[in-house]
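Here are my notes after going through this one. I've kept them as numbered points so you can follow along in the viewer.

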Amino acid sequence: MVAAIVSLMPLPALAASKADTEAQFRQWLQSDLWPEAQKSGISATAFKAAFADVKLNWDLPDLVPPGSKPPAEQKQSQAEFSSPGAYFSEKRLQGLAATGRSLANENAATLRRIEKTYGVPGPIVIAIWGRESGFGRAKIPHPIMDVLATKAFMSTRGDLFRRELIAALHILDSGDVREAEMKGSWAGAMGQPQFLPTSFLKYAVDFDGDGRRDIWKSTPDTLASIANYLAKKGWQRGRDWGFEVSIPANVSCAQEGPDLAKPISQWASDGIERVSGKAFPSSEAKADGMMLVPAGRHGPEFIVTPNFYVIKEYNNSDLYALFIGNLADRISSGGGAFKGEFGNVGKMLRSDVLKMQKTLESQGYDVGKADGLPGFKTRRSIGRWQTEHKMSPTCYPQENLMGKF
């Protein structure tokens with residue numbers, strides 16, 4: 001194997017030239033990757049054809065060529081939390097909503113059929129399409145086999161990309177797409193929905209009836225594949241994604257999280273109201289909802305449904321799911337920006353948040369993953385600590401809390 005070959009090289013040779021690395025790559029394909037591909041059902045002919053024109057892409061990030069060391073882990077010092085509001089560019093959202101409404105009308109018949117089949121509303125599907133690839137208009141330039149082969153051979157996440165590379169071989173073997181058309185991002189996500197190859201194999205569908213799952217050129221296949229993904233992840237038919245609300249001061253923000261769900265009627269009885277002034281839909285009253293305060297008390301507040309967390313399966317970020325939900329509302333009913341504004345939450349360093357998390361953990365609080373990112377478990381732990389120390393809970397890491405834990 002390549003690892004063994006490299007270990008036997010004299011030290012000066014470890015700083016391999018690109019030509020040397022290319023030669024090691026070809027050796028790796030035959031001695032290491034091919035047996036695994038063969039075991040998964042790929043023929044020798046298909047394997048040879050798939051890699052005939054594949055080249056290492058030296059411009060990709062996170063590469064670790066043979067003989068070099070992975071980059072040292074960067075200090076968590078960037079200012080990441082000046083305001084989550086920066087994620088919600090009003091100009092961008094307005095542009096996506098206008099185009100999304102037009103495309104929703106243009107594809108109305110397809111979207112009706114998709115909603116009947118998968119239970120996912122058309123505006124949600126259109127919103128994800130817009131966010132992922134600008135409704136298929138964004139340039140997706142990279143030959144996916146080059147990206148995956150390069151990253152499988154020499155990246156910091158080789159095992160992940162190795163699995164995706166084997167999956168890509170099965171996509172080629174299926175005949176759904178020719179290799180020359182199988183384009184993706186620098187991170188290996190393919191086509192208009194930005195599916196990794198393993199997701200393509202699980203969720204891509206042929207919705208235009210031409211016998212191929214084409215997420216590169218077919219709008220029906222693209223939209224239906226997005227809907228199928230969400231349906232398979234647990235989308236609850238007939239339910240909304242969530243509602244912007246006003247949470248009274250006497251209701252603690254430390255009740256946030258998908259593991260603290262309770263019927264929406266109970267949230268309403270606590271005094272939580274929709275900012276629109278409308279009542280919660282009667283169909284939602286007995287169904288579970290969850291509190292979400294992405295900026296603690298310094299931003300818009302929400303009661304979300306399990307469908308919010310299904311959207312997060314597409315991209316594991318509260319802000320991403322809120323972006324999709326807000327964009328879908330704009331497309332479906334002409335909604336606008338959230339009424340609550342993301343306030344000035346300071347300029348906490350990620351390393352400062354990490355220090356807070358570790359201190360809270362040492363006191364028995366569950367912050368989720370101590371990584372410097374203020375997820376819901378960190379936010380509510382801060383709120384609980386504030387309450388226990390006779391402070392009004394804000395549920396967000398701020399500079400004025402530094403040194404108090």
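1. Let's begin with the aromatics. Tyr-87, Phe-88, Trp-241, Phe-302, Phe-308, Tyr-309, Phe-323, Phe-338 and Phe-342 come together as one aromatic cluster. Bear in mind that this is a predicted model. With ring centres within 6.5 Å taken as a pair, the count is 22 aromatic pairs.

2. Have a look at one of those pairs, Trp-241 with Phe-308. The rings are 6.4 Å apart centre to centre, with 35° between the planes, and the pair is tilted. That label follows because planes under 30 degrees apart count as stacked and those over 60 as edge-to-face, with the rest called tilted.

3. What does the pair of Trp-241 and Phe-308 tie together? Trp-241 lies in the loop between helix H11 (219-232) and strand E3 (242-246), while Phe-308 belongs to helix H13 (residues 306-314), so the pair links parts that are 67 residues apart in sequence. As for exposure, Trp-241 is buried at a relative accessible area of 3%, and Phe-308 is buried too, at 0% relative accessibility.

4. Two arginines sit over aromatic rings. Arg-131 lies over the face of Phe-323, at 4.8 Å from the ring centre, and Phe-323 is one of the members of the aromatic cluster from point 1. Arg-113 has its charged end over the ring of Phe-207, 3.9 Å from the centre of that ring.

5. Is Arg-330 buried or exposed? Despite carrying a charged side chain by the usual count of Arg as positive, Arg-330 is buried, with 3% relative accessibility. You'll find Arg-330 in helix H14 (residues 318-333). Leaving out residues up to four places away in sequence, Arg-330 touches Glu-90, Leu-93, Gln-94, Ala-97, Arg-101, Gly-335, Gly-336 and Ala-337.

6. Met-190 deserves a click as well. Its place is in the loop between strand E2 (183-184) and helix H10 (197-203), and Met-190 counts as buried because its relative accessibility is 0%, where buried means under 20%. Apart from neighbours within four places in sequence, Met-190 is in contact with several residues, including Ile-144, Ile-171, Met-182, Phe-195, Phe-200, Ile-215 and Trp-216. The C-alpha atoms of Met-190 and Pro-143 are separated by 9.5 Å, with these positions 47 residues apart along the chain as the sequence separation.

7. For another spot, try Leu-160 in helix H9 (residues 158-174). Leu-160 is partly exposed, at 24% relative accessibility. Measuring off the model from C-alpha to C-alpha, Leu-160 and Leu-230 are 22 Å apart in space and 70 residues apart in sequence.

8. Now the whole chain. There are 16 helices and eight strands in the protein chain, and the C-alpha trace spans about 65 × 55 × 35 Å along its principal axes. Of the 405 residues, 49% are buried. Taking contacts between residues at least 6 apart in sequence, 69% join residues at least 24 apart.

9. Last, surface and charge. The accessible surface of the protein chain is about 19,000 Å², and 50% of that belongs to carbon and sulfur atoms. The chain has 49 positive and 44 negative charges, and their mean positions are 1 Å apart.

Methods. Residues numbered from 1 in each chain as written. Predicted model: local features only at pLDDT ≥ 70, side-chain atom pairs only at ≥ 80, totals over all residues. Heavy atoms only, no water. Phe/Tyr/Trp six-rings, centres within 6.5 Å; stacked < 30°, edge-to-face > 60°. Helix = DSSP H or I, 4+ residues; strand = E, 2+ residues; numbered from the N terminus. Buried < 20%, exposed > 50% of the residue type's maximum accessible area, 1.4 Å probe, protein only. Lys NZ or Arg CZ within 6 Å of the ring centre and 35° of its normal. Contact = heavy atoms within 4.5 Å. Areas by Shrake-Rupley, 256 points an atom, 1.4 Å probe, with all protein chains shown as cover. Charge placed at Lys NZ, Arg CZ, Asp CG, Glu CD.
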